[in-house]
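Got your viewer open? Let's walk through some charged pairs and one nonpolar spot, one selection at a time.

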Amino acid sequence: MSESTTRDERFARGLDVLRQVDGEAGQRVIDSLTDVSPEMGHQIVAWGFGEIYARPELAPRDRQLVTLGMLTALGGCEPQLEVHINAALNVGLTPGQIVEALLHSAGYCGFPKALNATFVAKKVFAERGLLPVAQQPAPDATSA
């Protein structure tokens, strides 16, 4: 991204990325800020998506894995988790991969936060008709 891009150009680029990643859920977040903090909405789009999410060094699915882990670890971010679980599905992560990422997070941020995140995932999966999530059988300990 060039240092000489204008505020409007960063916003336009960010809006394209937001639509690709978050779809309608992301737009609803931005729209919900228009009567209280339109500048916050602008910064989320222009900086968050136009500058950060648009960077080529990580694929969109990898960015979503990082985002899910961070939001889970922070706790109290369930509305944002809902948006980003939808985004994770939009960029190619499967429900099983999302569940596995949330299970993996339990070892680092604790079961309560991982459970809260998993229940948000369950809500999103139910809304998208993706339940039950197919689980892989646990590896047989005798074959290791």
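Select R7 first and show its side chain: with a relative accessibility of 40%, R7 counts as partly exposed. Keep in mind as you click around that this is a predicted model.

Now which residue does R7 pair with in a salt bridge? Add E39 to your selection: the closest N and O atoms of the two are 2.5 Å apart. Colour the helices and you'll see that R7 sits in helix α1 (residues 7-21) while E39 belongs to helix α3 (residues 38-53), so this pair ties together parts that are 32 residues apart in sequence. E39 is partly exposed too, at 36% relative accessible area. If you're wondering about the chemistry, side chains of opposite charge can pair when their charged atoms come close.

How many salt bridges does the structure hold? Seven, counting the one you just looked at. We'll drop in on some of the others.

**Next stop: R55 and E57**

Select R55 and E57, whose side chains meet in a salt bridge, 3.7 Å from N to O. Is E57 buried, partly exposed or exposed? With a relative accessible area of 57%, E57 is exposed, because the cut-off for that label is over 50%. R55 comes in at 43%, so R55 is labelled partly exposed.

**Then: L58 and its nonpolar neighbours**

Move on to L58, which lies in the loop between α3 and α4 (60-74). L58 is partly exposed, with 37% relative accessibility. Now add V66 and M70 and switch on the surface: together with L58 they make up a nonpolar patch there. The accessible area of the three together is about 270 Å².

**Last stop: K123 and E82**

Select K123 and E82 for another salt bridge, with the closest N and O atoms 2.9 Å apart. This pair also links distant parts of the chain: K123 is in helix α7 (residues 111-127) and E82 in helix α5 (residues 78-90), 41 residues apart. Keep both selected and add E127. What joins E82, K123 and E127 into one network? Salt bridges that share partners do.

Before you leave, check the surface around this pair. K123 has a relative accessibility of 39% and counts as partly exposed. E82 is partly exposed as well, with a relative accessible area of 24%; the buried label would need a value under 20%.

Technical notes:
Residues are numbered from 1 along each chain as its sequence is written. This is a predicted model: local features need pLDDT of at least 70, side-chain atom pairs count only at pLDDT 80 or more; totals for chains, interfaces and linings use all residues. Side-chain values use heavy atoms; hydrogens and water are left out. A salt bridge is a side-chain nitrogen of Lys or Arg within 4 Å of a carboxyl oxygen of Asp or Glu. Helices (H or I, at least four residues) and strands (E, at least two) are DSSP runs, numbered from the N terminus. Buried means under 20% relative accessible area, exposed over 50%, partly exposed in between (1.4 Å probe, protein chains only). Patches are made of residues with over 30% relative accessible area and no salt bridge: like charges are joined within 9 Å, nonpolar side chains (Val, Leu, Ile, Met, Phe, Trp, Tyr) within 5 Å. Accessible areas come from the Shrake-Rupley method with a 1.4 Å probe; for residues, only the protein chains shown count as cover.
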